[in-house]
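Work through the following exercises with the sequence and the structure side by side. Try each task before reading its solution.

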Amino acid sequence: MKMIHSRRDILTSMSSGVGWLAFAALAQARSGLAAREPHFAPRAKRVIFLTMRGGPSHVDLFDYKPELIARNGKTASLGRDSSGAKLFGPVHPFAQFGESGQWMTTLYPKLAKHADELCIINSMHTDLPNHAQAFGQMHTGSFQFARPSIGAWTLYGLGTENENLPGFITLNPPADNGGAQNNGSAFLPAICQGTRIGGSQLPELYAALLKKDVAPGPPMKNIVSAVPRELQRAQLDLIRGLNERKMEREGVQPEIEGAIASFELAFRMQSEIPDVLDLRSEPDHILKLYGIGQGKDQFARQCLLARRMAEAGVRFIEIASPGHWDHHNRLRELLSTNCAATDQPIAALLTDLKARGMLKDTLVVWAGEFGRTPYAQSGDGRDHNHKGYSIWMAGGGVKGGLRYGATDEVGYKAELNPMHIHDWHATILHLLGLDHTKLTFNYGGRNFRLTNVNGEVAKGIFA
Amino acid sequence: MNKQLLILLLLTLGDFATAEDATFFESKIRPVLAKHCYECHSSESGKSKGGLMLDTKQTIRAGGDTGPAVVPGDAAKSLLLSAIKHSDPDLEMPPKKPQLPKTVITDFEMWIKSGAADPRESAVKVAKRLPVNVAAGRQFWSYQKPKQIAGEIDAFIETKLKQNGLTPSPKAEPVALLRRLYFDLIGLPPTPDEVAAFLNSSHASNKTYEEIVEELLKSPRFGERWGRHWLDVARFAESNGRESNLTFPHAWRYRDYVIDAVNADVPFNRFITEQIAGDLLPAKDDTERARLLIATGLLALGPKGLNEMSKAQFAADVADEQLDTVMRAVMASSVACARCHDHKTEPFSQEDYYAMVGIFKSTQTLYGNWIDSENNNHGHLIHLPKVNGQMISGKSLPANRVKQLRDDLAKLNAEEKAQNEYIAKAKAEGRDISAEFNKILTTAIRILWSRGGIEGALEAVDDQGHAVPLCMGVQDAQNIADSPLYERGELSHPAQAVPRGFPRVIDVSREISKTQSGRLELAQWLTSREHPLTARVMANRVWRHLFGAGIVRTVDNFGFSGERPSHPELLDHLAIRFMDSGWSVKALIKEIVMSKTYRQASTRRADVFDQDPDNRLLSHANKRRLDAEVIRDAMLGVSGTLDITRRAGSLVAELDGQSVSLIGFNTKLPSDLDSSKHRSIYLPVMRDHLPDVLEQFDVANPNLVTGDRDVTNVPLQALYLMNGPFVQEQAAALAKRIQSAPNRIQLAFELCFNRLPDAQETSLAETFLRNSSGDESKLLAAFCQSLLCSAEFRFAD
């Protein structure tokens with residue numbers, strides 16, 4: 001019986017290609033995830049993913065359907081799902097915006113000023129109308145299995161632009177709907193998984209920003225070195241030495257290699273993170289632009305943080321919307337609340353990125369896990385609808401002012417240029433310069449991809 | 001005549017099936033399928049990877065997720081052929097093995113081109129996805145009763161290894177094994193003396209492995225470790241979470257109940273019954289009555305939509321959460337998905353769901369939170385019988401304060417009455433009072449919110465103001481009734497009432513009382529020997545905690561969308577043994593940890609890596625990252641600061657007020673929730689406000705039934721270990737503990753890793769201590785902290 005004694009053994013047993021490179025990079029703990037060449041020239045270098053959890057109502061926001069308005073109150077005949085339910089027109093008016101005449105809700109007045117920037121995809125569809133599964137599929141391509149998140153794939157494919165920061169950051173991710181799995185690396189090297197910042201940590205930061213924090217502290221827990229830096233470096237070398245000794249004794253252990261890498265990364269993060277997270281260096285006009293310091297401003301702060309992180313070289317940044325969009329009832333009221341809470345910060349993010357010349361290579365994505373039915377539920381709400389819904393993207397090489405694809409006449413089912421989650425993922429990877437069929441990782445004998453065996457790149461949305 | 005030529009000839013002659021076809025299939029095709037494919041694609045193996053089954057004519061033609069495997073006459077469209085030809089790099093079959101011989105591939109090509117004659121008509125068994133139908137559902141492995149098969153753990157494991165050409169690993173090194181056992185059973189590392197007692201036959205208290213197993217199972221520390229596993233499943237928390245995160249100051253009683261029950265090895269069937277229907281069981285005295293009431297806390301601890309305005313909606317959501325928790329925890333089933341429609345992938349109908357909803361809706365849930373700005377649903381609490389030695393965490397009030405509160409309450413009630421009469425009068429007189437609307441509303445809200453707090457305070461004390469013993473839990477409601485089925489789950493669409501009962505796919509019947517909620521019958525139904533899931537699910541949970549992965553890896557999902565067992569016979573064996581032993585969890589654990597399989601070395605093997613990278617076959621033990629609580633407890637243990645006594649009550653019980661969102665401003669709360677010296681199971685578990693160490697090291701999300709925690713490895717963990725105040729403190733304590741020892745480095749290694757350092761490690765340590773600057777004690781603490789940060793400290797080999 002042969003025991004594995006060298007890393008070489010395990011490396012040679014893995015398939016060559018990107019998978020090997022990732023593993024080799026992981027083994028080179030000091031270099032972490034060095035930037036790597038994409039498969040072809042990228043249009044976008046990074047992604048800011050605004051997750052609108054709960055399933056925002058596309059027929060009220062971005063999918064303008066005159067027929068639905070006309071047939072408001074009529075019985076929907078959309079198969080067994082809608083049995084007897086009544087069609088329900090948009091609860092707030094639509095209007096056209098920008099030179100492109102982009103149709104969208106009037107609930108997003110500030111975002112509407114960027115109408116010519118938005119590439120609205122009206123023909124999204126996903127496999128299941130359940131939150132947890134659809135949320136998982138939106139992130140990982142799979143609603144069934146623990147698979148790497150799109151952020152992890154991005155990092156795996158491109159490496160990081162700044163080795164002193166995590167390459168994939170998720171701010172205050174929702175704990176439900178699969179929780180950490182949605183930002184996980186699954187079988188990809190552990191270093192690709194999303195680093196979560198938030199939960200109980202950010203409020204302290206906000207307090208610091210508002211200068212209301214009576215006990216000034218670090219912007220993030222455990223970020224300040226507890227001992228002098230030289231001593232900590234020596235400590236780290238000792239830890240590393242012990243870990244390497246353990247591997248020499250017992251053979252290859254990816255978990256321990258991951259541990260070594262994460263200590264090195266942590267060490268470097270100590271110097272970078274506090275700067276990135278400290279919004280106090282931002283001038284007043286920027287704070288005002290995002291709406292920071294005005295009422296509930298957590299989301300505004302996150303949007304500004306996202307820009308700062310993008311600037312600092314974080315590859316994939318995810319933010320969850322402040323509320324959920326699961327509007328089974330009181331749609332009229334709750335939709336305005338949610339839009340009001342997200343309008344200014346998102347618009348500000350686009351303005352700010354553009355002003356800095358970053359919008360052209362930063363892909364901003366606004367998406368929920370599915371949409372909602374064109375027929376009513378509980379009087380003034382809508383049920384989940386996975387057969388057709390809308391998202392938008394901006395910057396990063398997509399064509400602005402575009403409505404891509406279409407649902408049927410009432411907004412129920414994607415019909416023209418339907419874009420499945422796999423297609424959407426393939427398209428995002430393509431924008432990042434990655435061929436989704438080549439971005440593979442060999443796990444348990446099979447080359448896995450984000451897009452499984454599917455996915456068509458929607459070249460029609462490229463600028 | 002050459003068979004291939006014959007086939008070609010037949011092909012040119014036209015499509016007619018002959019005896020030759022069948023022979024060709026039997027001699028050239030079936031053996032290859034059976035040998036190379038059935039393992040992952042047949043009803044016999046229970047696997048249909050990629051949704052593909054190759055063992056019947058129907059399924060091979062229907063194909064899997066990516067399309068038909070075989071299209072008669074069309075070689076190009078037959079994915080099976082391209083898979084064995086390796087023409088698509090993403091679909092190369094058989095996986096991880098060299099390509100099949102050319103002749104075999106040609107055989108398949110011929111066979112397909114000639115019409116793919118396939119005699120396996122009669123073999124149709126289980127379709128890829130069963131329709132939601134009871135009869136078909138009962139054919140599924142997990143809905144069938146466990147089958148008694150002779151054997152023992154090692155034999156089941158070794159047989160399967162052998163079938164795959166693998167062998168088990170040798171025994172683990174004694175120290176590695178002992179550490180594994182200690183971490184697994186009590187969640188603490190052995191002390192140097194305990195190691196010596198195991199290793200040296202000359203040691204005064206020398207013990208065999210089995211004696212140590214016995215001792216650990218009897219240790220009170222066992223319940224603190226295995227009780228935590230159940231608390232994960234029970235989604236235990238001391239606050240509500242969600243949008244109204246109010247504290248549950250009495251939840252700790254349930255925590256202690258679980259620890260005690262696990263230590264007492266309360267038979268698992270009884271344990272389940274107590275938690276679902278303790279209030280309906282007879283009790284021999286007040287102590288037992290109190291215990292049984294506390295047990296029902298399981299049903300009251302869930303996250304609720306407290307700010308829901310509609311009482312009916314709130315009741316429906318609470319019942320749904322209870323049903324979901326019980327079904328996932330006990331049966332690893334997602335019955336609750338059938339709330340709005342028949343289950344899409346499992347044999348559960350909406351009738352099944354509403355039959356059970358009737359049980360929970362006939363139940364009153366008592367969870368404590370009173371009405372205030374965040375809560376519209378007063379929860380009340382259960383008053384426990386007074387028992388000697390009982391801990392009461394509430395605060396007493398001076399008697400005059402009680403009187404004051406009652407007066408205030410009476411005043412508010414009078415005020416409300418007056419306002420209501422005023423409105424009624426205005427209405428009767430047709431007088432428009434809309435101008436006063438704001439004033440009226442403000443008054444109404446003030447009354448509502450002030451009254452909530454007063455009622456909450458009064459409920460917690462007796463007439464003299466003495467705090468009374470309270471707990472969360474359930475009782476039968478006044479109104480015992482069946483629930484209607486609600487179309488699409490909408491309360492506005494009630495359909496016919498569904499008699500209370502249980503999912504029909506489980507072939508166990510139990511009549512439900514007309515005068516009780518039916519929770520007792522639910523518990524009896526779940527714990528019936530005839531129930532196919534309860535014992536299996538628990539045995540699998542135990543297995544997962546001892547090996548790092550379940551026999552069914554989706555430990556909380558035994559349905560169609562879950563994984564199939566790697567060793568179905570073994571799982572059945574364990575389930576039956578478990579029930580035969582009187583549902584003794586300790587006996588089950590003992591049987592497993594005494595097996596050779598458990599005691600194997602964890603060294604990764606090159607010969608296994610290719611074939612079984614996930615170690616599903618258990619050719620060796622798994623190396624496992626320790627759970628958050630174990631990492632923290634181990635630090636307290638090695639630094640000598642662990643307070644092994646039970647923490648009385650909970651920090652949460654000592655907070656005033658009920659809102660967690662205001663906790664940031666609560667000066668009573670330590671900024672670092674980790675700071676106590678008690679074992680981690682006693683740390684406060686407030687939803688969305690967890691102690692740092694738990695959060696960083698993947699504690700179970702207390703909103704969800706969790707039988708299988710995540711294991712992540714991220715820089716935030718490293719930051720916690722390097723800079724967290726708790727770790728600093730333990731490192732300093734450890735440094736103090738070793739500073740005057742003759743060989744500090746050796747002692748530190750013995751304490752942390754139960755072994756001496758080797759030459760290289762000694763030199764690393766000496767170099768660190770010699771070359772780094774700083775004062776002596778700080779340097780030693782930094783050294784100790786490095787040991788706590790090392791991978792070895794938080795992994796069990």
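**Exercise 1. Domains of chain B**

Task: In this predicted model, find which domains the assignment gives for chain B, and then describe how domain 2 of chain B meets domain 4 of chain B.

Solution. Begin with the bounds: the domain assignment divides chain B into domain 1 (3–129), domain 2 (267–381 + 476–526), domain 3 (396–466), domain 4 (533–622) and domain 5 (722–796). Next, take the C-alpha centres of domain 2 and domain 4 of chain B, which are 30 Å apart. Then turn to the contact itself, in which 12 residues of domain 2 of chain B touch 15 residues of domain 4 of chain B. On the domain 2 side, helix 13 (268–277) and helix 16 (311–331) of chain B each contribute at least two residues, and helix 16 of chain B gives the most, with 3 residues. Finally, sorting that side of domain 2 of chain B by class yields 6 nonpolar, 4 polar and 2 charged residues.

**Exercise 2. Chain B as a whole**

Task: State how many helices and strands chain B has, and what percentage of its residues is buried.

Solution. Counting the secondary structure of chain B gives 32 helices and 10 strands. Along the principal axes, the C-alpha atoms of chain B fill a box of roughly 110 × 85 × 50 Å. Of the 797 residues in chain B, 49% are buried. As a last step, consider the contacts in chain B with a separation of 6 or more, of which 68% are between residues 24 or more positions apart.

**Exercise 3. A strand in chain A**

Task: Decide how many residues of strand 7 (residues 316–320) of chain A are buried, and find which strands are joined to strand 7 of chain A by bridges.

Solution. Strand 7 of chain A is mostly covered, since 5 of its 5 residues are buried under the cut-off of 20 or more other C-beta atoms within 10 Å. Looking at the faces separately, F316(A), E318(A) and A320(A) lie on one side and I317(A) and I319(A) on the other, and all of these residues are buried. One partner is strand 1 (residues 46–51) of chain A, which runs parallel to strand 7 of chain A and is joined to it by 5 bridges; here T51(A) is opposite A320(A). Another partner is strand 5 (residues 168–171) of chain A, also parallel to strand 7 of chain A, with 4 bridges between them, and in this pairing F168(A) is opposite F316(A).

**Exercise 4. Helix 27 and the contact between the chains**

Task: Explain why helix 27 (residues 715–723) of chain B can be called largely enclosed, and work out what it gives to the side of chain B that touches chain A.

Solution. The first step is burial: 9 of the 9 residues of helix 27 of chain B are buried, so this helix is largely enclosed by the rest of the structure. The second step is to see what surrounds these buried residues, which pack against strand 6 (195–197), helix 9 (229–250) and helix 10 (254–277) of chain A, and also against helix 26 (692–696), helix 28 (725–738) and helix 31 (776–789) of chain B.

The third step widens the view to the whole contact, which takes 55 residues from chain B and 58 residues from chain A. Helix 27 of chain B gives the most to the side of chain B that touches chain A, with 8 residues, and by class that side comprises 17 nonpolar, 21 polar and 17 charged residues.

The fourth step is the geometry. Two packed helices are described by the angle between their axes and the distance between the axes. For helix 10 of chain A and helix 27 of chain B, the axes come within 8 Å and cross at roughly 75°; this angle falls in the range of 65 to 115 degrees, and the two helices are therefore roughly perpendicular to each other. The residues that make this contact are S262(A), F263(A), L265(A), A266(A) and M269(A) from helix 10 of chain A, and P715(B), Q717(B), A718(B), L719(B) and M722(B) from helix 27 of chain B. By class, they are 8 nonpolar, 2 polar and no charged residues.

**Exercise 5. Two loop residues**

Task: Determine whether L52(B) is buried or exposed, and place S528(B) in its loop.

Solution. L52(B) lies in the loop between strand 2 (47–48) and helix 3 (57–62) of chain B, and L52(B) is buried because 26 other C-beta atoms are within 10 Å. Beyond its neighbours within four places in sequence, L52(B) is in contact with H41(B), G63(B), G64(B) and A69(B). S528(B) belongs to the loop between helix 20 (519–526) and helix 21 (534–547) of chain B, and with 16 other C-beta atoms within 10 Å, S528(B) is partly exposed.

Note on methods. Residues numbered from 1 in each chain as written. Chains lettered and ligands numbered in written order. Predicted model: local features only at pLDDT ≥ 70, side-chain atom pairs only at ≥ 80, totals over all residues. Domains from an automatic or database assignment. Contact = placed C-beta atoms within 7 Å. Nonpolar A, V, L, I, M, F, W, Y, C, P; charged D, E, K, R; others polar. Buried ≥ 20, exposed ≤ 12 C-beta atoms within 10 Å, placed from the backbone. Pairing = 2+ DSSP bridges. Axes fitted to C-alpha atoms, helices over the stretch in contact; angles between N-to-C directions. Parallel < 35°, antiparallel > 145°, perpendicular 65-115°, else oblique.
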